[in-house]
Structures are given as structure tokens and as C-alpha cells.
Amino acid sequence: MTLKELLEKDLKFLLVGGKGGVGKTSVASALSIALAEQGKRVLIISTDPAHSVSDSFDSDFSSGEITKVKGVKGDLFALEINPEAAGSEISKAIGQDVDSNQFSSFAAMPGLSELQGFSEDMQSIPPPGMDEALSFAKILEYAEDDFYDTVILDTAPTGHTLRLLNIPEFLDSFLGRMLKMKAFIQNAMTMVKSLFGAKDEKDRTIETLEAMKEKVLIARDQLMDPEKTQFVKVLIPTMMSIFETERLVEELNHHLIPHEFSVVNMVNPDNQECQYCSHRRNEHLKNIEYIESAFPNNDITVVEAFDQEIRGLDMLSQFRNKII
Ligand SMILES: Nc1ncnc2c1ncn2[C@@H]1O[C@H](COP(=O)(O)OP(=O)(O)OP(=O)(O)O)[C@@H](O)[C@H]1O
Ligand SMILES: [Mg+2]
């Protein structure tokens, strides 16, 4: 299936990821325009504090609110979440400092580290940082909400994406442990209350935790369903980018996230008169052959480097035309 055919399907989530600077935001933005122009209601989300989706569209989506993208035919909306700002808002709300880089507040919760098995969990599954947590919160929100036909996630460079992929497992394990602990405490409390004849008040914590766990599982199922989700890998034709993509593929396989599409971006155009250019191009073509053999079941889209930056609707539309 080609990327064009993929966009005609009813995809719920389109995740775009890869190494830093390879063109993830440009590809995510171009695909969001293509989907909106097909009549789909689309939301593009980024948690990049550098506001690159704004830069890509040459607009300002940094308000933290969902904003309609002007100038695109159809319903395209953008949301840029600033992890730093979101972190300080959560801090204000709970009256305690939240480390926006790492959810160390989880580990610092009184008594939690002593909880049997919890520290081992934290070691085997690295806790998410704030940006991944916010991205996953959006996945959770839209997994059961059909207001947007497709939600596109412009993900941060690979390392962050790997932590994002770990979140469902992390939350499942965390909530499971909380539920066990809660059930134990609740039983003990009921016993104590019945001993002293106290009236039992209904505690809804277990229901809340179970509902959260259920939501996480629903989102995880959608992320694993090739009819609902695709992770588009963006890379450039250099061995460094290829190696990083191979590591990413291992993780995507491990988490059962469908990833049948790759975009090889910034390939040197053909120019016989320039020795440097033809050297680079030959190297790129050789590496594309390697990519084709390394990802045999992938649809691979090759895009040449433009002679200018991909910025603003006009350039994004030209870029879109090269991708699909
Ligand atoms: N095919 C191309 N030709 C020319 N310039 C390109 C091409 N693709 C992307 N660019 C430019 O390269 C730069 C990096 O692209 P982009 O921001 O999309 O990458 P990214 O992977 O999202 O980066 P980051 O990891 O920082 O989020 C931008 O200035 C973009 O306009
Ligand atoms: Mg980017």
C-alpha cells in the first residue's frame, strides 16, 4: 500500500517519528494538509517546546489551545503543547513542584518506593518525561472521541518516542499495582470499620483506577491496530539515520505498533556538473538500496532536498505533492 492509499483509509492515529532534524515536522504537517484536503477533520499535535509546527506553517499555534489552521482547504487544527508550561500549571494546581523532565514525582511519592516490586518496575520500564506523558494523555483523550477523524502526532526525536511507546505498559503496571494495594487497604479498612461498627462510606478510588486502566488498554489496542494507527518513520539516506531507524523499528516491533511506511527525506538531487553533489547523490542512492533491503515490508517514499526550507503553506503543499 502506498502512502496515498494509506491516507484514504480511516486512520485514527498517525505518528510521525525519527532522528532529530530529518523532517518529521515537515512530513507531519504535509500529511495533515493532505488529509484535511480530502475532507477529513484533522488535528496535528506537537509537544515540541521549539514550536516547530507553528514555524512549519508559518503561523502561531503556541497558545496551548486548539487552533484552526488558516489557508488550508478543509478542517485542519493544530495544538502545540508546551511541556514546561504544562508542568508549571500542574505544579500550581497540586501545590507541589513537578519536574517537567522526568516524572520523578511518581518515585518520590511518600512510601511508594518501599512498595514491594515498584522500584523494579521503575527500572524495567523507564518512566515517561512530561512531553511524552502529555502526548499520551492526548492519545487517551482521542482514542474514545471521534470528533477528529485523524490525530497526527509530530513526535520528538527517537529517544523521547521510545519513552512514549513505554507509557501504556508503564501505566498498566503502575495502575495494576495501585489497584492491588488499594484493594488490600480497602479490605483492611472494611475489617477495622466493621470491628468498630463504623458506617461504611463508599470509596470510588478503585472504580476510578479501574476506569483509567480500561482507558489505557483501549488506547493501547488502538495503537496496535494497523487499521487505526500507523507510525511513519522519517529518515535521511545516511547510515547514522538508518541505524537509529533500525533501533526504532525494534522498539516499534516490541510494542506491536504498526509501521509500514518510511519517508527517506533530503536525498541529494541529481547534478552531474557538481562533483560534490553527484558524490553525495551516489552515496544516498546506495543507502536507499540498503533501506529497501532493511525494511522489506515497507512502502518507501523518497523525497529530494529542496533548494529552500519547507516553510509556509505554499512550500508545505509542494512538499506534500512530492510525498503523495
Ligand atoms: N526535503 C527537504 N528539503 C529542504 N529542506 C527540508 C526538507 N525537509 C525538511 N527540510 C527543512 O529541514 C529543517 C528540519 O526539518 P523539520 O523541522 O521538519 O525536521 P524535524 O525532524 O521535525 O526536526 P526536529 O527533530 O528538530 O523536530 C527545516 O528547516 C525544514 O524546513
Ligand atoms: Mg520537529
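Let's start with a right-handed β-α-β unit, built from β6, helix α10 and β7. Helix α10 covers residues 239-254, and strand β7 covers residues 261-267. Keep in mind, please, that this is a predicted model.

Now, how do the two strands of that unit run relative to each other, parallel or antiparallel? They run parallel, with 4 bridges joining β6 to β7. If you want one contact to click on, take L235, whose bridge partner in β7 is V264.

Strand β6 has another partner as well. Strand β1, residues 13-18, pairs with β6 in the parallel sense, and there we have 6 bridges. On that side, look for L14, which stands opposite Q230.

So how many residues of β6 are buried? The strand spans residues 229-235, and 7 of the 7 are buried, so β6 is largely enclosed by the rest of the structure. Let me take you through the faces. In a regular strand, side chains alternate between the two faces of the sheet. Here, T229, F231, K233 and L235 are on one side of β6, while Q230, V232 and V234 are on the other. Both faces are covered.

Did you notice the lysine in that list? K233 is one of the buried residues of β6, and it lies over the face of F295, at 5.4 Å from the ring centre. We find a similar arrangement at K68: its charged end sits over the ring of F77, 5.8 Å from the centre.

F77 brings us nicely to the aromatics. Together with Y142, F147 and Y148, it forms one aromatic cluster. The count for the structure comes to 6 aromatic pairs. One of them is F57 with F61, an edge-to-face pair at 5.9 Å centre to centre, with 75° between the planes. Both partners are buried: F57 has a relative accessible area of 3%, and F61 has 2%.

Then there is the pair within the cluster, F147 and Y148. Why do we call this one edge-to-face? Because the planes of the two rings are at 90°, with the centres 4.9 Å apart. Here the burial is split: F147 is partly exposed, at 44% relative accessible area, whereas Y148 counts as buried at 6%.

Next, a quick word on backbone angles. Most residues other than glycine have a negative phi. Which residues depart from that here? H51 is one of them, with phi near 55°. You'll find H51 in the loop between β2 (41-46) and α3 (52-57), and at 22% relative accessibility it counts as partly exposed. D58 is another example, with a positive phi of about 55°. D58 belongs to the loop between α3 and β3, the latter being residues 67-68. That puts H51 in the loop leading from β2 to α3, and D58 in the loop from α3 to β3.

Last stop, the cysteines. How many disulfides does the structure hold? The number is 1, and it joins C274 to C277, with the sulfurs 2.1 Å apart. As for handedness, the torsion about the S-S bond is about 80°, so this disulfide is right-handed. C277 is buried, with a relative accessible area of 14%.

That's my tour, and I'm happy to go back to any of these spots with you!

Key:
Residues numbered from 1 in each chain as written. Chains lettered and ligands numbered in written order. Predicted model: local features only at pLDDT ≥ 70, side-chain atom pairs only at ≥ 80, totals over all residues. Heavy atoms only, no water. Buried < 20%, exposed > 50% of the residue type's maximum accessible area, 1.4 Å probe, protein only. Pairing = 2+ DSSP bridges. Right-handed = clockwise from strand over helix to strand, strands pointing away. Phe/Tyr/Trp six-rings, centres within 6.5 Å; stacked < 30°, edge-to-face > 60°. Lys NZ or Arg CZ within 6 Å of the ring centre and 35° of its normal. Disulfide = S-S within 2.5 Å.
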